[in-house]
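Student: I've got a new structure open and I'm not sure how to read it. Could you walk me through it?

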Number of protein chains: 2
Amino acid sequence: MHRPMLQLALDTFDLPSALAPMQVARDHIDVVEAGTILCYAEGMHAVRALRALYPDKILLADVRIAEAGSIIAKLAFDAGADWVTVVSGATPATMEVVLTEARKRGGDVQLELIDGWTWEQAAAWRKLGIEQVIAHRSRDGEALGDLSWKPGDFDEMRRLADLGFKVTVAGGVEVADLPLFADVPIHVFTVGRAIRSAADPAAAAADFQEAIAATYGAEAL
Amino acid sequence: MHRPMLQLALDTFDLPSALAPMQVARDHIDVVEAGTILCYAEGMHAVRALRALYPDKILLADVRIAEAGSIIAKLAFDAGADWVTVVSGATPATMEVVLTEARKRGGDVQLELIDGWTWEQAAAWRKLGIEQVIAHRSRDGEALGDLSWKPGDFDEMRRLADLGFKVTVAGGVEVADLPLFADVPIHVFTVGRAIRSAADPAAAAADFQEAIAATYGAEAL
């Protein structure tokens, strides 16, 4: 199993609040995410700034495209994003224009699974050319209080991987959760607050990388 | 039937391109929309600028919330928005937190209907407290070339109104289309390029208001 990458989700209300933890944790981060909140707060200026600062890292603009796919994708790729996100509620036509735009730029598309999707849709997305999906624990679900990972979550991720998707996990992954993923093929672990809000974001990010290596082996990415 | 309002969709790649047509057409516009594209391009700075310029107009931030509802809603309302949008693919939990946030601020929520929604869901949204829906002709659908309004479109809008929704129409409405809506109860007509890209945006907006008055009567809003 490939060693998963570590993505830092910069879901902050302004750019400086994103830059501070990213800059200190940068050596331990594989993928930089301009979060939806940051994109809406600061616009594509945030994506441009992150591109300028970290030219060699994978940069994800979490723009969660639901419609007007080609325009929003263009905006994000023009600003320097490598990857953009679409939501599972988008139509196949929207996903197709986003994929087309991504391929033109040598970029890629992550499809964010929002409650209500079906396995029939998942097979259709794969056929359409979508390669990455995000198994996401919603903040609003979290708000209702249940933070634990369930066996069903892992079964779902394995089944998505079996369909040929690279699976990103997002939404409140903690270092202590990593062993739970031992037999789940994960492409990217997305971590936000657990690194951003740590007293020492660099140490927190290093802890995640260590836990990933301990769980999946130290094999090169 | 109430006379519908006219909304100008400012879906531009930067703020100045939005300000130019809005400023000249402002006397004819009831609702100012900071479009998704503008929100992503310039962030909530665009919403703040529009609030500062047009304190007495209804200001919609078309943030198309799919998740992380309360945070994005807060961001938009803090910036001065009166209304925010959620997409039909969002979970009821997400819609509920957005509604709660809107009510706290004396604002409202428009639900954008993206292909794939069901009438069963629509009834549930109404029960949840959603009052406004957007019957939207997708840009990506338009990209496939079919620009005409179909009898089925109007039937759908009437049925939505019967359920108790205030219906906004978006996506390529032209002045010449207005008579088609004569017996459809519409709350807001959203117009973008037909006003923004007109040689004289003020005259174009006035034409829409005249066509609305001619279709629905000159009765006060």
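Tutor: Sure, let's begin with a helix. The buried residues of α5(A) are A:Thr94, A:Met95, A:Val97, A:Val98, A:Leu99, A:Glu101 and A:Ala102. Keep in mind that this is a predicted model.

Student: What makes a residue of this model count as buried?

Tutor: You count neighbours: a residue is buried if 20 or more other C-beta atoms lie within 10 Å of its own. In chain B, the helix α5(B) has B:Thr94, B:Met95, B:Val97, B:Val98, B:Leu99, B:Glu101 and B:Ala102 as its buried residues.

Student: How many residues does helix α5 of chain A have, and how far does it reach?

Tutor: A helix can be checked by its span from end to end. Helix α5 of chain A covers residues 92-104, which is 13 residues, and its first and last C-alpha are 18 Å apart, close to the 18 Å expected at 1.5 Å a residue. For α5 of chain B, also residues 92-104, the reach is 18 Å, again close to the expected 18 Å.

Student: Which residue just after α5(A) takes a positive phi?

Tutor: Look at A:Gly106, with a phi of about 70 degrees. Just after α5(B), B:Gly106 has a positive phi of about 70 degrees too.

Student: Now the strands. What do β1 to β8 of chain A form?

Tutor: Follow which strand pairs with which. In chain A, the order β1-β2-β3-β4-β5-β6-β7-β8 makes a closed barrel of eight strands with parallel pairing. On average, neighbouring strands in this sheet are turned by 25 degrees against each other, direction ignored. Take one pair: β3 (residues 58-65) and β4 (residues 83-87) of chain A are joined in the parallel sense by three bridges. A:Ile65 has A:Val86 in β4(A) as its bridge partner.

Student: What rotation superposes chain A on chain B?

Tutor: You turn one copy until it fits the other. Here a rotation of 180 degrees, with 0.0 Å of shift along its axis, does the job at an RMSD of 0.0 Å. That is the relation of a two-fold axis. In chain A, the residue closest to the rotation axis is A:Gly43, at 1.8 Å by its C-alpha.

Student: How many residues of chain A are in contact with chain B?

Tutor: 35 residues of chain A touch 35 residues of chain B. The largest share on the chain A side comes from α2(A), with six residues. By type, that side divides into 18 nonpolar, eleven polar and six charged residues.

Student: Why do the copies meet through the same surface?

Tutor: Compare the two sides: 100% of the interface residues of chain A are also interface residues in chain B, so the copies meet through the same surface.

Note on methods:
Residues are numbered from 1 along each chain as its sequence is written. Chains are lettered from A and ligands numbered from 1 in the order in which they are written. This is a predicted model: local features need pLDDT of at least 70, side-chain atom pairs count only at pLDDT 80 or more; totals for chains, interfaces and linings use all residues. Helices (H or I, at least four residues) and strands (E, at least two) are DSSP runs, numbered from the N terminus. The expected span of a helix is 1.5 Å times one less than its number of residues. A residue is buried if 20 or more other C-beta atoms lie within 10 Å of its own, exposed if 12 or fewer, and partly exposed in between; C-beta atoms are placed from the backbone. Copies are superposed by least squares on the C-alpha atoms of residues with pLDDT of at least 70 in both. Two residues are in contact if their C-beta atoms, placed from the backbone, lie within 7 Å. Two strands pair if DSSP finds at least two bridges between them. Axes are lines fitted to C-alpha atoms, for helices over the stretch in contact, and angles run from 0 to 180 degrees between N-to-C directions. Ala, Val, Leu, Ile, Met, Phe, Trp, Tyr, Cys and Pro count as nonpolar, Asp, Glu, Lys and Arg as charged, and the others, Gly among them, as polar.
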